[in-house]
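Biologist: Could we go through this model together? I would like to begin with the sheets and then turn to the helices and the two chains.

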There are 2 protein chains.
Amino acid sequence: MPAPTHHSTAIPEGLHMPGPRVVLGRGEPLKLDGGGLLGPFPVAYQTYGTLNADRSNAIMVCHALTGDQYLVGPHPVTGKSGWWEEIVGPGKVLDTRRFFVICANVLGGCMGTAGPREIDPLTGRRYGLSFPVITIRDMVRAQALLLDNLGIEQLFCVIGGSMGAMLVLEWAASFPTRVFSAVPIAGAARHSAQNIAFHEVGRQAIMADPDWLDGAYEESGTRPERGLAVARMAAHITYLSEAALHRKFGRTLQDRDRVSYGFGADFQVESYLRHQGSSFVDRFDANSYLYITRAMDYFDLAAEHQGTVWRAFQGTRTRYCVVSFSSDWLFPTRESREVVRALNAAGANVSFVEIQSDKGHDAFLLDEPEFHATLTGFLEGAAELRGFGPGG
Amino acid sequence: MPAPTHHSTAIPEGLHMPGPRVVLGRGEPLKLDGGGLLGPFPVAYQTYGTLNADRSNAIMVCHALTGDQYLVGPHPVTGKSGWWEEIVGPGKVLDTRRFFVICANVLGGCMGTAGPREIDPLTGRRYGLSFPVITIRDMVRAQALLLDNLGIEQLFCVIGGSMGAMLVLEWAASFPTRVFSAVPIAGAARHSAQNIAFHEVGRQAIMADPDWLDGAYEESGTRPERGLAVARMAAHITYLSEAALHRKFGRTLQDRDRVSYGFGADFQVESYLRHQGSSFVDRFDANSYLYITRAMDYFDLAAEHQGTVWRAFQGTRTRYCVVSFSSDWLFPTRESREVVRALNAAGANVSFVEIQSDKGHDAFLLDEPEFHATLTGFLEGAAELRGFGPGG
């Protein structure tokens with residue numbers, strides 16, 4: 001089988017993504033939920049800290065829909081902070097003096113892991129829409145292969161927010177012996193009708209853009225930037241709370257004393273949203289957005305386990321800490337409670353915390369002391385049980 | 001001044017909108033909040049029932065963003081029911097054997113009233129984006145001119161939901177002696193940051209469509225249908241509740257046993273949403289969508305009255321019935337309570353009801369017995385006070 005002709009993905013064109021990248025599925029390709037086979041395929045990842053002698057201190061961080069492996073900045077594309085700098089680093093919640101933190105770009109992503117933006121090694125051409133539609137379980141299987149490659153049998157912890165929480169739950173369900181502890185944050189056991197609806201709006205916005213070209217835009221030197229920006233704008237509203245939008249912006253005008261009686265960005269909230277859209281297209285790929293939102297829509301632990309979520313965790317020995325945020329309306333506390341009920345029904349060791357916050361879904365990315373203290377407390381307890389004492 | 005060359009608007013092209021239409025602002029043009037003048041301009045409307053001898057039984061219904069004057073069907077474009085057939089008709093809440101019900105297409109609309117789709121009588125060409133940006137107060141002023149034209153001094157009631165509620169509040173604030181009673185339903189005294197954000201997404205979706213052509217699409221025989229459909233899809237989610245989406249669709253698949261591992265409408269909720277988008281573009285104009293959403297965004301009764309809402313109602317003698325729905329997250333009960341507080345501060349006669357419903361914002365359009373009973377009770381009491389007894 002020919003090796004991939006491209007070993008790093010460029011965003012924007014010509015920029016090489018820094019960091020390690022392995023080619024997996026060389027011997028045996030990955031069997032996908034959709035029935036296809038994938039391999040060989042690249043996975044790009046980052047690690048922070050040092051793996052200890054008995055390989056027991058590895059933490060897998062699972063990123064969200066538009067996240068990536070760069071937990072700590074500067075980000076190679078944007079130059080900004082990493083998306084979880086609040087949490088990961090020396091002395092932080094995921095203390096890199098103590099833990100070996102791994103984060104891999106998910107399957108379907110656009111930061112170096114196999115996805116529609118990558119080159120198909122079988123054809124030497126970009127996948128585009130010929131990339132197979134993948135699931136959260138496929139993403140987790142690819143991460144398990146990465147773990148094999150790194151020579152790590154068991155993760156001390158798998159942790160992630162939003163889509164990351166879906167991967168965490170799937171990790172615990174699919175590889176129960178490889179997960180010592182699991183922290184699904186602001187997640188759900190399945191994607192709700194309303195969330196599927198919001199994703200569908202985003203996909204339709206992208207596919208309505210004539211520059212999308214049925215996914216073959218890269219070949220033509222175009223990109224569906226307007227469609228992707230609209231998709232991002234719609235999604236971004238769902239990541240915040242009404243209270244946060246009111247507190248941050250209210251009806252404050254942008255650089256003007258009075259409304260303009262026009263269609264410019266009169267209000268700060270409009271200007272902010274436009275900025276969210278336009279900056280997003282510089283760092284994200286439209287086809288990846290289609291594939292990853294689809295994987296989230298398909299996620300349904302019950303459907304994978306004879307119609308009930310608790311069967312996904314039958315016999316589990318993993319320790320769980322389920323976290324939600326009170327003002328999150330995208331993945332409301334109700335959905336985390338359903339996960340907790342299923343874990344209880346499976347006899348799991350589970351703690352559950354709803355963090356009081358008015359910051360909405362994105363609170364898991366922000367400076368939330370109660371949230372951070374919750375994670376630290378859980379990890380301390382788990383580390384002691386796992387046999388590496390407090391404070392390293 | 002030349003008369004308008006076009007006296008009815010066609011949607012789709014060539015279809016004449018049935019019903020009365022008057023040309024207003026002939027002598028003195030309408031002064032707009034944005035500083036411009038409008039006139040002469042057409043207003044298209046419908047009436048149901050008969051005006052009584054002392055002209056005391058007129059009810060003005062104010063429609064929502066994408067509503068129109070056709071309260072009762074068949075709708076001339078879609079052939080479907082009118083949008084308030086649940087409420088308006090013989091023996092219904094707005095009993096047309098008893099009341100004279102008026103509904104006018106708002107300024108900026110696309111069903112025969114002056115808007116971007118109409119012909120500018122001064123140039124003989126379609127307005128497009130040369131139509132002035134208008135406000136909710138401008139819409140109400142135009143309706144007041146219509147009332148003058150109909151020879152009605154005082155409305156027995158002004159009633160409307162969503163944007164209609166904004167018009168109701170503006171009617172009471174701007175023309176206090178012309179409004180005997182007022183029923184703002186699922187509304188607010190000002191548009192919230194989150195709602196402005198959702199509107200901005202819709203506008204950006206329209207303006208991102210290359211067929212929009214800076215608003216001059218009609219001249220070129222195109223229409224930004226894809227952009228308008230995306231705008232509608234995003235908005236439509238906000239009109240429902242999460243519970244209603246879950247109850248109606250959940251994760252049920254559309255005409256298939258299993259997911260397709262593709263980007264078709266696997267889920268019923270996707271199919272439903274796509275239908276909402278594609279059917280909307282057949283009956284609505286993209287530029288009108290821009291103008292009317294903008295008018296809603298600008299709505300802020302406090303800003304119009306030295307920074308406090310209660311001043312808008314100072315000295316009011318109108319009787320108010322404020323209604324909200326418990327599952328409405330677009331115009332949540334909290335916002336109706338703010339209106340009630342302002343009315344109380346102004347010493348107004350006000351009753352307030354939060355209807356328990358899981359149907360979200362759109363509950364005001366649906367069969368909700370408690371809602372209907374609330375309206376009937378309020379109107380009975382008001383009619384007795386106004387001097388026309390129970391049951392006509």
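**Sheets, helices and the two chains**

Modeller: Chain A holds an open sheet of eight strands with mixed pairing, in the order β1-β4-β8-β5-β11-β12-β13-β14. Strands here are DSSP runs of E with at least two residues, helices are runs of H or I with at least four, and both are numbered from the N terminus; two strands pair if DSSP finds at least two bridges between them. This is a predicted model, in which local features need pLDDT of at least 70 and side-chain atom pairs count only at pLDDT 80 or more, while totals for chains, interfaces and linings use all residues. Residues are numbered from 1 along each chain as its sequence is written, and chains are lettered from A and ligands numbered from 1 in the order in which they are written.

Biologist: Which are the edge strands of chain A?

Modeller: They are β1 (21-24) and β14 (349-355) of chain A, each of which pairs on one side only. From one strand to the next, the twist averages 20°. Angles are taken between N-to-C directions, from 0 to 180 degrees, with axes fitted as lines to C-alpha atoms, for helices over the stretch in contact.

Biologist: How many bridges join β13 to β14 in chain A?

Modeller: Seven bridges join β13(A), residues 319-325, to β14(A), and the two strands run parallel. Within that pairing, Cys321(A) has Ser351(A) as its bridge partner.

Biologist: And which strands does α1 of chain A lie across?

Modeller: Helix α1(A), residues 136-150, lies across β1, β4 (41-48), β5 (58-62) and β8 (100-104) of chain A, and runs at about 110° to β1(A).

Biologist: What is the strand order in the sheet of chain B?

Modeller: The order is β1-β4-β8-β5-β11-β12-β13-β14 in chain B, an open sheet of eight strands with mixed pairing. Its edges are β1 (21-24) and β14 (349-355) of chain B; each has a single partner strand, so one side of each has no neighbour in the sheet. Inside that sheet, β5(B) (58-62) and β8(B) (100-104) pair in the parallel sense over four bridges, and Met60(B) stands opposite Ile102(B) in β8(B).

Biologist: Helices next. At what angle do α1 and α2 of chain B pack?

Modeller: Helix α1(B) (136-150) and helix α2(B) (163-174) pack at about 70°, with their axes 9 Å apart. They are therefore roughly perpendicular; angles of 65 to 115 degrees count as such, under 35 as roughly parallel, over 145 as roughly antiparallel and the rest as oblique. Their crossing is right-handed, the near helix being turned clockwise from the far one by less than a right angle, whereas anticlockwise would be left-handed.

Biologist: Which residues meet there?

Modeller: From α1(B), Ile136(B), Arg137(B), Met139(B) and Val140(B) meet Met166(B), Leu167(B), Glu170(B), Trp171(B) and Ser174(B) of α2(B). Contact requires C-beta atoms, placed from the backbone, within 7 Å. The residues of this contact comprise six nonpolar, one polar and two charged. Ala, Val, Leu, Ile, Met, Phe, Trp, Tyr, Cys and Pro count as nonpolar, Asp, Glu, Lys and Arg as charged, and the others, Gly among them, as polar.

Biologist: How far apart are the axes of α3 and α4 in chain A?

Modeller: The axes of α3(A) (193-208) and α4(A) (225-239) are 7 Å apart, at an angle of about 165°. That makes the two helices roughly antiparallel, and their crossing is right-handed. Among the contact residues are Phe198(A) and Val201(A) of α3(A) and Leu228(A) and Val230(A) of α4(A). By class, the contact has 10 nonpolar, three polar and no charged residues.

Biologist: Is the crossing of α3 and α7 in chain B left-handed or right-handed?

Modeller: The crossing of α3(B) and α7(B) is left-handed. The contact includes His199(B) and Arg203(B) of α3(B), and Tyr289(B) and Asp297(B) of α7(B).

Biologist: Now the interface: how many residues of chain B are in contact with chain A?

Modeller: 40 residues of chain B are in contact with 40 residues of chain A. The largest share of the chain B side, 11 residues, comes from α3(B). That side divides into 23 nonpolar, eight polar and nine charged residues.

Biologist: What turn lays chain B on chain A?

Modeller: A turn of 180°, with a shift of 0.0 Å along the axis, lays chain B on chain A with an RMSD of 0.0 Å. The superposition is by least squares on the C-alpha atoms of residues with pLDDT of at least 70 in both copies. The two copies are thus related as by a two-fold rotation axis. The same surface serves both, since 100% of the contact residues of chain B recur in chain A.

Terms used. Contact = placed C-beta atoms within 7 Å.
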